[in-house]
Amino acid sequence: MPALCFEYTNNLPIAEKIKSFLTETHPIVADILSIDLSLCRSNVRCHTDFVIGDGAKHHAFIQLTIEIMPGRDNDTKSKLGKTLRCMIRKHFEEEIKGKSTQLRVYLIEVEPDLYYTG
């Protein structure tokens, strides 16, 4: 924990840059959450079948969902979300130009009683 899920629409030409983004992101997540870097893991999902708004081809999204254990204060969670949203915008700035791209970061606290590992 934390688990990051990076999702994007296939009309954004970003596939080649995602791994470098996540490699850059993990140490920042570890630092903000005060955890060991080795606990960060990510997966990537490219959506080929999607509809945004009126369905026009220029609509796109990048969504980063981060599952974390509870116990962080709101300032820490806010710092994490805002930092990662800015990183997404900066890292993929050229690729999202010319598209109506929605950028979203979601933080989800996992119930410890419902988290099983080992």
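**Notebook: helices, sheet, rings and cysteines**

I began with helix 2, which lies across strand 3 and strand 4 and runs at about 150° to strand 4. The model I am reading is a predicted one. I then looked up helix 1, which lies across strand 1, strand 2 and strand 3. Its direction is at about 145° to strand 1.

**Entry: the sheet**

I looked up the strand order next. The 4 strands form an open sheet in the order 2-1-3-4, and the pairing is mixed. Strand 2 and strand 4 (100–109) are the edges, each pairing on one side only. From one strand to the next I note an average twist of 10°.

I went through two of the pairings. Strand 1 and strand 2 (residues 41–47) are parallel, with 7 bridges. In this pairing I find Leu4 opposite Ser42 of strand 2. Strand 1 and strand 3 run antiparallel and are joined by 6 bridges. Here Tyr8 has Ile62 in strand 3 as its bridge partner.

I also checked the handedness of the connection from strand 1 to strand 2. Strand 1, helix 1 and strand 2 make a β-α-β unit, and the unit is right-handed.

**Entry: aromatic rings**

How many aromatic pairs does the structure hold? I list 5. For Phe6 and Phe92, the ring centres are 5.7 Å apart and the planes stand at 45°, so I enter the pair as tilted. Phe6 belongs to strand 1 (residues 3–9), whereas Phe92 sits in the loop between helix 2 (74–91) and helix 3 (93–96). The two are 86 residues apart, and the pair links distant parts of the chain.

Is Phe6 buried or exposed? Phe6 is buried, at a relative accessible area of 0%. Phe92 is also entered as buried, with 0% relative accessibility.

Phe92 has a second pair to record, with Phe21. Their ring centres are 5.4 Å apart with the planes at 50°, so this pair is tilted. Phe21 is in helix 1 (residues 15–33), and 71 residues separate it from Phe92 in the loop between helix 2 and helix 3. I have Phe21 down as buried, at 0% relative accessibility.

Which residues do the ring pairs link into a cluster? I note Phe6, Tyr8, Phe21 and Phe92.

**Entry: Ala60**

I picked Ala60, which lies in strand 3 (residues 59–68). Ala60 is buried, with a relative accessible area of 0%. Leaving aside neighbours within four places in sequence, I find Ala60 in contact with Thr9, Asn11, Leu12, Ile52, Lys99, Ser100, Thr101 and Gln102. One of these contacts is Ser100. I looked up the C-alpha separation of Ala60 and Ser100: it is 6.0 Å, and the two are 40 residues apart along the chain.

**Entry: cysteines**

I searched the whole structure for disulfides and found 0. Why is Cys46 without a bond? The closest cysteine sulfur to that of Cys46 is in Cys5, at 12 Å, which is too far for a bond; the cut-off for a disulfide is 2.5 Å between sulfur atoms. Cys46 is partly exposed, with a relative accessible area of 37%.

I checked Cys86 as well. Cys86 is in no disulfide, and the nearest cysteine sulfur, in Cys40, is 19 Å away. At 48% relative accessibility, I enter Cys86 as partly exposed.

Technical notes. Residues are numbered from 1 along each chain as its sequence is written. This is a predicted model: local features need pLDDT of at least 70, side-chain atom pairs count only at pLDDT 80 or more; totals for chains, interfaces and linings use all residues. Side-chain values use heavy atoms; hydrogens and water are left out. Rings of Phe, Tyr and Trp (its six-membered ring) pair if their centres lie within 6.5 Å; planes under 30 degrees apart count as stacked, over 60 as edge-to-face and the rest as tilted. Buried means under 20% relative accessible area, exposed over 50%, partly exposed in between (1.4 Å probe, protein chains only). Contact means heavy atoms within 4.5 Å. Two strands pair if DSSP finds at least two bridges between them. A crossover is right-handed if, with the strands pointing away from the viewer, the path from the first strand over the helix to the second runs clockwise. Axes are lines fitted to C-alpha atoms, for helices over the stretch in contact, and angles run from 0 to 180 degrees between N-to-C directions.
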